[in-house]
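Hi everyone, thanks for making time this morning. I'd like to walk you through one structure, so please have it open as I talk.

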Amino acid sequence: MQIIPVIDIRSGAVMRARAGDRDSYKPISTPLAATSAPADVVAGFLTLHPFEKIYIADLDAIEGRGDNRREIGALTERFPSLRFMVDAGAASCDGRGAARVDCVIGSECLRDGDSLHAAKHDPNVVLSLDFRDDFFMGPDALDESPKLWPRQIIVMTLTRVGVSAGPDFARVSQIIERAGDRRVFAAGGVRGADDLERLEAIGAAGALAATALHNGALTRADLDRFASAHKKKGSPEAPLSSEPPKLSWRRKDVSR
């Protein structure tokens with residue numbers, strides 16, 4: 001079970017994400033960092049555990065209102081031991097040439113299922129299957145055809161983000177059953193170690209987490225235990241490929 005901390009960046013600051021309602025997002029206040037600066041928050045995560053990977057949602061890019069490329073680039077330089085999963089909406093794959101970066105493609109931004117064909121074999125592409133409650137946010141063909149999916153999948157339930165509602169175990173389990181040997185990560189609602197144990201039991205490769213790290217629900221001992229089990233199972237990272245895939249996007253104002 002790989003635990004991946006999450007930061008949502010807007011206007012150069014880390015936001016406190018809650019239920020995908022971006023209008024309500026405010027700069028985060030956390031015992032892990034003195035400020036909401038991305039570098040401070042990431043450094044705070046690393047005081048808990050030597051994480052291997054960080055997930056970044058560039059909210060400005062997702063909303064089509066600019067981007068935080070400079071801040072993300074600064075993070076890759078300051079933390080050379082980390083790999084980053086970056087969701088920048090329609091611009092996600094613009095930075096595919098960057099070292100130690102996986103581009104996250106949100107289903108909500110894709111025009112159709114066929115547009116993912118060019119990317120599904122790219123080892124550094126991650127597909128986020130986005131849901132708002134029971135509604136799938138994306139092309140129906142993408143939800144219905146696992147053959148279109150790349151090697152890494154995130155099951156993102158936006159309405160559970162930051163509200164400690166617990167993961168959507170049923171949906172994650174269904175996606176795992178359909179995903180074959182792909183790696184599936186759960187996102188949204190992780191409350192603590194019990195949730196991670198249950199996700200691991202149903203076959204999840206990992207989980208994205210933020211609130212449970214900031215509020216101390218996941219302790220250093222918890223993180224060390226899951227990391228030890230993760231290393232014993234082995235988790236080879238995909239090699240970098242040379243060219244970014246060309247995708248067909250749709251632009252709309254969405255909540256992540």
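Let me start with a small one: in which helix does Thr 211 lie? Thr 211 lies in helix H7. And before I go on, please keep in mind that what you're looking at is a predicted model.

Let's stay with Thr 211 for a moment. If we leave aside the neighbours within four places in sequence, Thr 211 is in contact with Arg 16, Gly 162 and Ser 164. Its C-alpha atom is 8.5 Å from that of Gly 189, and those two residues are 22 apart along the chain.

His 214 belongs to helix H7 too, which covers residues 211-214. Is His 214 buried or exposed? It has a relative accessible area of 13%, and because the cut-off for buried is under 20%, His 214 counts as buried. What does it touch, not counting residues up to four places away in sequence? The list is Ile 28, Thr 30, Pro 31, Leu 32, Val 41 and Phe 45. There's also Ser 29, which sits 185 residues away from His 214 along the chain, yet their C-alpha atoms are separated by 9.0 Å.

Now let's zoom out. The protein has 256 residues, and 57% of them count as buried. It contains 8 helices and 11 strands. Take the contacts between residues at least 6 apart in sequence: 70% of those join residues at least 24 apart. As for the outside, the protein exposes about 10800 Å², and 49% of that comes from carbon and sulfur atoms.

On to the inside. As background, nonpolar side chains in soluble globular proteins tend to be buried together. Here, the largest nonpolar core has 59 residues. Which of them have the most contacts inside that core? They are Ile 7, Ile 56, Leu 129, Leu 142, Trp 149, Leu 196 and Leu 199. A second core, separate from that one, has 22 residues, including Ile 62, Met 85, Leu 158 and Ala 187.

Leu 129 is a good one to click on. Setting aside neighbours within four places in sequence, Leu 129 is in contact with Ser 107, Phe 136, Leu 142, Trp 149, Ile 153, Ile 154, Val 155, Met 156 and Ile 175. You'll notice Leu 142 and Trp 149 in that list, and both were among the core residues with the most contacts.

Ile 56, another name from that core list, brings us to strand E4. How many of the 6 residues of E4, which spans 53-58, are buried? The count is 6 of 6. Both faces are covered, with Lys 53, Tyr 55 and Ala 57 buried on one side and Ile 54, Ile 56 and Asp 58 buried on the other. So who are the neighbours of E4 in the sheet? Strand E1, residues 2-10, runs parallel to E4 and is joined to it by 4 bridges. Within that pairing, Ile 9 has Asp 58 as its bridge partner. Strand E5, residues 83-87, also runs parallel to E4, with 5 bridges between them. There, Ile 56 is partnered with Val 86.

Next, the rings. The structure has 1 aromatic pair. Phe 131 and Phe 136 have ring centres 5.2 Å apart and planes at 55 degrees, so this pair is tilted. Phe 131 is buried at 5% relative accessibility, and Phe 136 is buried at 10%. Phe 131 has company on its face as well: Arg 171 lies over it, 4.1 Å from the ring centre. A second arginine does something similar elsewhere, with the charged end of Arg 198 over the ring of Phe 169, 3.9 Å from its centre.

Last stop, the backbone. Most residues other than glycine have a negative phi. Ser 11 isn't a glycine, but its phi is positive, at about 50 degrees. Where is Ser 11 found? It's in the loop between E1 and strand E2, and it counts as exposed, at 63% relative accessibility. Asp 133 also has a positive phi, near 55 degrees. Asp 133 lies in the loop between strands E7 and E8, and it is partly exposed, with a relative accessible area of 48%.

That's my tour. Thanks for listening, and I'm happy to go back to any view you'd like.

Conventions
Residues are numbered from 1 along each chain as its sequence is written. This is a predicted model: local features need pLDDT of at least 70, side-chain atom pairs count only at pLDDT 80 or more; totals for chains, interfaces and linings use all residues. Side-chain values use heavy atoms; hydrogens and water are left out. A nonpolar core is a set of buried Ala, Val, Leu, Ile, Met, Phe, Trp, Tyr and Cys residues joined through side-chain atoms within 4.5 Å. Buried means under 20% relative accessible area, exposed over 50%, partly exposed in between (1.4 Å probe, protein chains only). Contact means heavy atoms within 4.5 Å. Rings of Phe, Tyr and Trp (its six-membered ring) pair if their centres lie within 6.5 Å; planes under 30 degrees apart count as stacked, over 60 as edge-to-face and the rest as tilted. A charge sits over a ring if NZ of Lys or CZ of Arg is within 6 Å of the ring centre and within 35 degrees of the ring normal. Helices (H or I, at least four residues) and strands (E, at least two) are DSSP runs, numbered from the N terminus. Two strands pair if DSSP finds at least two bridges between them. Accessible areas come from the Shrake-Rupley method with a 1.4 Å probe; for residues, only the protein chains shown count as cover.
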